[in-house]
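Here are my notes on the model, point by point. Please read them with the coordinates open.

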Amino acid sequence: LFAIAFGIVMMLSLSASAVYVVQQDITEITRYHEQSAYGTFGETDEFHGVSYVGNEEIGRYGGELYSKKSTYKGITGREVWKENVFYLKIDPEYASPEDNAFAIIVDYWDYAGTGYFHLEYSPQEEGVESKRISILKEGFIETGKEEDGKWHRVIVYVSDAKFTNSLPNGCDLRIYQGAFNTFAHVEVVN
């Protein structure tokens, strides 16, 4: 059923390299699909087919790149600071070079009001190193208070991805942000 629904959404929503984005509020971290690759960044990190590129590979910041854990409304995630970039690799078992249509799911705590974070990936298109999708944060527009922040799940459907470790630092996905968003879960469905 998921494959049929995903296929219909892909056919209706995507053409060539189009992108389709869905956002929703969440109150807990759950996997989107049982056969997906995912990384959950909580009290204990859990990886299955997704991993973050750590300090040894990047060679800077002495263990501080992903070290700040934060808990909001009972969910723990990781703040990405220093460079404000989260580097992720996808295991080739979940994304062969021939695959190009994916749903990329990101769960994040939004406590900085309106603004953006960016999801970057390598496209199939020759001569183009990366594509960036800007995600508009819905924020806590009502009051502007941190305790009124919300966990959000964003689902990005892309039809032209190439996960071959070809982004800088040998990664497949990069999440850029301008402020201290906290990310709890990243999932890739093929």
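1. In what order do the 5 strands of the open sheet run, and is the pairing parallel or antiparallel? The order is β4-β7-β12-β9-β10, and the pairing is antiparallel. The edges are β4 (50-52) and β10 (131-137). Each has a single partner strand, so one side of each is left without a neighbour in the sheet. On average, neighbouring strands here are turned by 25° against each other, direction ignored.

2. Keep the source in mind: this is a predicted model. The mean pLDDT of the chain is 76, and 71% of the residues score at least 70. Confidence peaks in strand β13 (residues 182-189), at a mean of 90. The lowest mean, 39, falls in helix α1 (residues 2-13).

3. Treat the start of the chain with care. Over residues 1-16, pLDDT stays under 50. The model still gives this stretch 25 contacts beyond four places in sequence. Where pLDDT is low, predicted coordinates should not be read in detail.

4. Now the chain as a whole. It has 190 residues, and 47% of them count as buried. The secondary structure comprises 13 strands and 2 helices. Take the contacts between residues at least 6 apart in sequence: 74% of them join residues at least 24 apart. The accessible surface is about 8,900 Å², with 49% of that belonging to carbon and sulfur atoms.

5. Look inside the sheet next. Strand β9 (residues 115-121) pairs with strand β12 (residues 173-177) over 5 bridges, in the antiparallel sense. One residue to pick out is F117, whose bridge partner in β12 is Q177.

6. From F117, move to L136. This residue is in strand β10, one of the two edge strands of the sheet. The C-alpha atoms of F117 and L136 are 7.0 Å apart, with the two residues separated by 19 places along the chain. Beyond its neighbours within four places in sequence, L136 is in contact with Q23, Y108, G115 and Y116. Is L136 buried, partly exposed or exposed? Its relative accessibility is 47%, so L136 counts as partly exposed; the exposed class begins over 50%.

7. A charged side chain deserves a look: R78, in strand β6 (residues 75-79). Why does R78 count as buried? Because its relative accessibility is 9%, and the buried class covers values under 20%. What does the R78 side chain meet there? A polar contact of 2.8 Å joins it to the side chain of D45.

Conventions
Residues are numbered from 1 along each chain as its sequence is written. This is a predicted model: local features need pLDDT of at least 70, side-chain atom pairs count only at pLDDT 80 or more; totals for chains, interfaces and linings use all residues. Side-chain values use heavy atoms; hydrogens and water are left out. Helices (H or I, at least four residues) and strands (E, at least two) are DSSP runs, numbered from the N terminus. Buried means under 20% relative accessible area, exposed over 50%, partly exposed in between (1.4 Å probe, protein chains only). Contact means heavy atoms within 4.5 Å. Accessible areas come from the Shrake-Rupley method with a 1.4 Å probe; for residues, only the protein chains shown count as cover. pLDDT is the predictor's confidence in each residue, from 0 to 100. A polar contact is a pair of N or O atoms within 3.5 Å; within protein, one must be able to donate a hydrogen and the other to accept it, and residues adjacent in sequence count only if both atoms are side-chain atoms. Two strands pair if DSSP finds at least two bridges between them. Axes are lines fitted to C-alpha atoms, for helices over the stretch in contact, and angles run from 0 to 180 degrees between N-to-C directions.
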